[in-house]
Amino acid sequence: MSDFSAPTFRIGFLHPRYLHTWLGVGLMYLASWLPYRVQFYMGRSLGHLMHTLMKRRVKIADRNLALCFPEMTPANRAAMVKENFANAGLALFETGMAWFWPKWRINKHVTIEGLDILLELEQQGKGVLLIAVHSLNLEIGARGLSEQTPGVGVYRPNTNPVYDWFQFRGRMKRNIGVDRKDVKSMIHYLKEGHRMWYAPDHDYGRRRSTFAPLFAVKQACTTTGTSLLTHAGHATVVPFSVVRERRLGQYRVKIDPPITDFPKEAHAAAVITNQAVERLILRAPEQYMWLHRRFKTRPEGESSLYERI
């Protein structure tokens, strides 16, 4: 079925060239044991520093907001970008929480709303394609959900083998990992009635994509993988979001009702998918990953939306 094998520890990981990786992950581990309030303020402080230093990313985030919400004033955009970077700094600490916290601490901070929806579909023997967006706190939300109901995680290997080993161990504690290029295995797991996490909100390039509206951008490059996996895997599409609700560290995973009559035609499916993506983002737009070039791929003949950035 799949040639994918989980990353395993190798003696070569102890080579000095990976020292920076060991130090970085070691700091993540140590920081994860700090009280949440301390991590919260350290993370946001780091984010403010990132906002000062990462000028190009600041411009990209501002441009994305201007494209999606043209009615937003420059002052409001600037305030949201600043808050977005504070959340991006916190995301580094939330990743450590997701990878290293024990189950009891995860359950203390993460609540699940709508879990009965997944359990009912499980009783019916239906595979579920869980649609998520790249919220900055997705790591801790996905860990919280997996503690209640494990599933299949679509996995993108990291080029750094040491970090890749840590990343896999952190993300796949209770889940099955499948390479993002292994579509055959994804379809197999869905047919077998598994739940699979899938994030169709980024620009993945022209291959297997179409152009569909996303907020005020009329033609956003959108993967057609959602339609392929749903219909080839006989799966039900269920959106879910992760929102940090209070400054004291409560994360709410909200599972939405299934999308009924999900289109088979790729473009129509992309339109419906992006409508779901919009709803998920709007629950906490300041916690979404605006720092990437979401609209970098344009239709033939159109100029870049990120000129001079």
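Start by selecting C221: with a relative accessible area of 1%, this cysteine is buried. Keep in mind as you look around that the model is predicted.

Next, add C68 to the selection and show both sulfur atoms. The sulfur of C221 lies 14 Å from the closest cysteine sulfur, the one in C68, which is too far for a bond, since a disulfide needs the two sulfur atoms within 2.5 Å. Across the whole structure, you will find zero disulfides, and C68 is in none. Like C221, C68 is worth viewing with a surface switched on: its relative accessibility is 4%, so C68 counts as buried.

From C68, widen the selection to helix 3, residues 55–68. This helix has 14 residues and spans 20 Å from its first C-alpha to its last, close to the 20 Å expected at 1.5 Å a residue. Now colour its buried residues: V58, I60, A61, N64, L65, L67 and C68. What do they pack against? Show helix 2 (36–53), helix 4 (74–100) and strand 7 (217–223), and you have the partners of those buried residues.

For the last stop, select helix 1 (residues 19–32) together with helix 8 (residues 161–171). Their axes are 9 Å apart and meet at an angle of about 25°, so helix 1 runs roughly parallel to helix 8. To see the contact itself, display side chains for T21, W22 and V25 on helix 1, and for V162, Y163, W165 and F166 on helix 8. Colour that set by residue type and you get six nonpolar residues, one polar and no charged.

Methods. Residues numbered from 1 in each chain as written. Predicted model: local features only at pLDDT ≥ 70, side-chain atom pairs only at ≥ 80, totals over all residues. Heavy atoms only, no water. Helix = DSSP H or I, 4+ residues; strand = E, 2+ residues; numbered from the N terminus. Expected span 1.5 Å × (residues − 1). Buried < 20%, exposed > 50% of the residue type's maximum accessible area, 1.4 Å probe, protein only. Contact = heavy atoms within 4.5 Å. Axes fitted to C-alpha atoms, helices over the stretch in contact; angles between N-to-C directions. Parallel < 35°, antiparallel > 145°, perpendicular 65-115°, else oblique. Nonpolar A, V, L, I, M, F, W, Y, C, P; charged D, E, K, R; others polar.
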